[in-house]
Amino acid sequence: MSLKNFVPSIMITVAAALPVLAQEGTGEGGQPGPFGGSFLFIMLSMILIIYFIMIRPEQKRQKERTKMLSALKKGDKILTIGGIYAVIQNVKDATYIIKSGEGAVLEISKSAVQNIINDPSAVKDIVKEPDEQVKEKA
C-alpha cells in the first residue's frame with residue numbers, strides 16, 4: 001500500500017478517536033489518565049510533522065514532474081528511466097516516438113521520461129542523420 005493511501009486512513013482513525021483522546025480523565029489515585037490533553041497535543045503534532053516532512057514535498061515533486069512531462073515537445077532531448085538518450089520525434093496522447101543512436105526509433109510511455117537534457121554540451125549530437133554517420137566512418 002502506498003503512502004498516498006495510508007496517510008488518509010491514519011487521519012480518519014485519529015479524527016474518530018479525537019473525542020476519546022480529548023477527555024480529561026483521572027485514573028486511580030488522582031493521576032492523569034492515559035488519554036490526557038497532552039496526548040492529544042502530541043498526536044496532532046506528529047500528524048503535522050508527517051505532513052510537512054513527507055507528504056507535502058512528495059506532492060511538490062509530483063507537480064513538477066507533471067509540469068515537465070506536459071512541456072515536452074518535438075525536438076527535445078531526453079533521458080529515459082532506462083538510461084537511453086534520445087530526441088522526441090512525435091508526441092502522442094500517452095506515448096512519445098523517440099529517435100536514439102544509429103537510427104533506432106522507439107515508442108515509449110510518457111512516464112518513462114526521467115529528465116530533459118537542457119545542456120547541449122551534456123549530450124553531443126544524440127541523434128545524427130545517416131549521411132553524417134557514414135561520413136564519420138569513412
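**Confidence check.** I started with how far to trust each part: confidence bottoms out in helix α3 (residues 130–137), with a mean of 54, and peaks in β4, at 93. This is a predicted model, and I noted a mean pLDDT of 76 for the protein, with 59% of its residues at 70 or more. Reminder to self: where pLDDT is low, the predicted coordinates should not be read in detail.

**The sheet.** Next I traced the strands. Five of them make an open sheet, ordered β4-β3-β2-β1-β5, and the pairing is antiparallel. I marked β4 (104–109) and β5 (113–116) as the edge strands, since each pairs on one side only. Ignoring direction, neighbouring strands in this sheet are turned by 45° against each other on average. So β4 is both an edge strand and the part with the highest confidence.

**One strand pair up close.** I then picked β2 (residues 85–91) and β3 (residues 95–100), which pair in the antiparallel sense over four bridges. Which residue in β3 is the bridge partner of Ile88? I found Ile98 there.

**Surface patch.** Last, I looked for nonpolar surface. Phe41, Ile42, Met46, Ile49, Ile50, Ile53 and Met54 make a nonpolar patch of about 700 Å². I followed up on Ile53, which sits in helix α2 (residues 37–71). Is Ile53 buried or exposed? Ile53 counts as exposed, because its relative accessibility is 61% and the cut-off for exposed is over 50%.

Terms used. Residues are numbered from 1 along each chain as its sequence is written. This is a predicted model: local features need pLDDT of at least 70, side-chain atom pairs count only at pLDDT 80 or more; totals for chains, interfaces and linings use all residues. Side-chain values use heavy atoms; hydrogens and water are left out. Two strands pair if DSSP finds at least two bridges between them. Helices (H or I, at least four residues) and strands (E, at least two) are DSSP runs, numbered from the N terminus. Axes are lines fitted to C-alpha atoms, for helices over the stretch in contact, and angles run from 0 to 180 degrees between N-to-C directions. Patches are made of residues with over 30% relative accessible area and no salt bridge: like charges are joined within 9 Å, nonpolar side chains (Val, Leu, Ile, Met, Phe, Trp, Tyr) within 5 Å. Accessible areas come from the Shrake-Rupley method with a 1.4 Å probe; for residues, only the protein chains shown count as cover. A salt bridge is a side-chain nitrogen of Lys or Arg within 4 Å of a carboxyl oxygen of Asp or Glu. Buried means under 20% relative accessible area, exposed over 50%, partly exposed in between (1.4 Å probe, protein chains only). pLDDT is the predictor's confidence in each residue, from 0 to 100.
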